[in-house]
Amino acid sequence: MLLSKISNILNDINTVILPKVCFGCNARLYRGEQHLCTVCRNDLPFTEYTLNAENPIDRIFYGRIDVKKASSFLFFRESSTVQRLIHHLKYKNQEQIGDFLGDWYGQLLLEEKALDHGIDCVIPVPLHRRRLRQRGYNQVARFAKKLAHYLNAEYAPTVLVKTANTKTQTKKGRIGRWQGNRPLYRLSGANNLKNKNLLLVDDVITTGATMETCAKTLAQIPGASIYIVSMAVVPLS
């Protein structure tokens, strides 16, 4: 009890010296608030999509790749709280935001009993090794790892390998290809994933090009069923 009180006092002193601020609005955070103030947290634009009912993200992939179900946690808009959260996650070394969002979304999926057939393996969209070395981490990793925990699934960050340090091509007919017409992603050590339910995870879905390319690579695994989720999705017009 005494140690707990001392710890709280020290945390309060540290907060006064180096006050934590909301990633959404820069307001000071108070005890019990984590990463977002109460106002920003309550204003987050949840998609309310599940992995059971059909939703607009499913329709992104119709006719493009056989995805069993697709979903996303939040809506992504420019200059929004979600945009600022993901910006800090990707470019400001705030990896803990991945844990924060993964805990939240993982509990939601668990409570809603989404994915009735169960997920065997959770696979984050990879970075190229050069980009990974520059950034120091994959911004999707901790979010995906949390989802694997709540879904009681294996976390497999090395199954997909990005072969070039380039953005996914989005023009029709060129998706997933780069110089020399070489595949942008390849499989590594995927023999144990035959006939498994695979959950592919990314940060933001815009056109769906990156997810489509990765899903096509995973579809090379015999009998694999592919599901897709992301932290956020750009609202479809």
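D99 counts as buried because its relative accessibility is 18%, a value that falls under the 20% cut-off for that label. This applies to a predicted model, and the same goes for everything that follows. D99 is also half of a salt bridge: its side chain meets that of R142, with 2.4 Å from N to O. The two partners come from distant parts of the chain, as D99 sits in helix α5 and R142 in helix α7, 43 residues apart. R142, for its part, is partly exposed, since its relative accessibility comes to 32%.

R142 has another acidic partner. Its side chain also meets that of E95 in a salt bridge, this time at 3.9 Å from N to O. Here too distant parts of the chain are linked: E95 belongs to the loop between α4 (81-91) and α5, while R142 is in helix α7 (residues 141-150), with their positions 47 residues apart. E95 has a relative accessibility of 27%, so it counts as partly exposed. R142 thus turns up in a bridge with D99 and in one with E95.

Over the whole structure, the search turns up 8 salt bridges. One of them pairs the side chains of E212 and K216, at 3.0 Å from N to O. Both residues lie in helix α8 (residues 209-218), and their spacing of 4 residues is about one turn of the helix. What joins R64 to this pair? Salt bridges with shared partners do, and they make one network of R64, E212 and K216. Is E212 buried or exposed? E212 is buried, because its relative accessible area is 4%. K216 has a relative accessibility of 40% and therefore counts as partly exposed.

Next come the aromatic rings. The structure holds 7 aromatic pairs. In one of these, the ring centres of F46 and W104 are 5.3 Å apart and the planes stand at 65°, so the pair is edge-to-face; the angle needed for that label is over 60 degrees. This pair, too, links distant parts of the chain: F46 is found in the loop between α2 (38-42) and α3 (56-60), W104 is in helix α5 (residues 96-111), and 58 residues separate them in sequence. F46 is partly exposed, because its relative accessibility is 31%.

W104 also pairs with F73. Their ring centres are 5.7 Å apart with the planes at 70°, so this pair is edge-to-face as well. Since F73 lies in strand β1 (residues 69-75) and W104 in helix α5, the pair ties together parts that are 31 residues apart in sequence. F73 and W104 are both buried. Which residues make up the cluster linked by ring pairs? The cluster consists of F46, F73, F100, W104, Y105 and F143.

Y105, a member of that cluster, is in helix α5. Y105 is buried, because its relative accessibility is 1%. Y105 and K146 are 41 residues apart in sequence, and their C-alpha atoms lie 8.8 Å apart in space. Strand β1 offers another case of this kind through L74. L74 is buried, since its relative accessible area is 2%. How far apart in space are L74 and V233? The distance is 6.4 Å from C-alpha to C-alpha, although 159 residues separate the two in sequence.

The surface has a feature of its own. R129, R130, R133, R182 and R186 gather there in a patch of positive charge. Which helix gives the most to the positive patch? Helix α6 (residues 129-135) does, with 3 residues. R133 has its place in helix α6. R133 counts as exposed because its relative accessibility is 60%, and the cut-off for that label is over 50%.

Terms used
Residues numbered from 1 in each chain as written. Predicted model: local features only at pLDDT ≥ 70, side-chain atom pairs only at ≥ 80, totals over all residues. Heavy atoms only, no water. Patch = residues over 30% accessible without salt bridge, like charges linked within 9 Å, V, L, I, M, F, W, Y side chains within 5 Å. Areas by Shrake-Rupley, 256 points an atom, 1.4 Å probe, with all protein chains shown as cover. Salt bridge = Lys/Arg side-chain N within 4 Å of Asp/Glu carboxyl O. Lys, Arg positive; Asp, Glu negative; His and termini not counted. Charge placed at Lys NZ, Arg CZ, Asp CG, Glu CD. Helix = DSSP H or I, 4+ residues; strand = E, 2+ residues; numbered from the N terminus. Buried < 20%, exposed > 50% of the residue type's maximum accessible area, 1.4 Å probe, protein only. Phe/Tyr/Trp six-rings, centres within 6.5 Å; stacked < 30°, edge-to-face > 60°.
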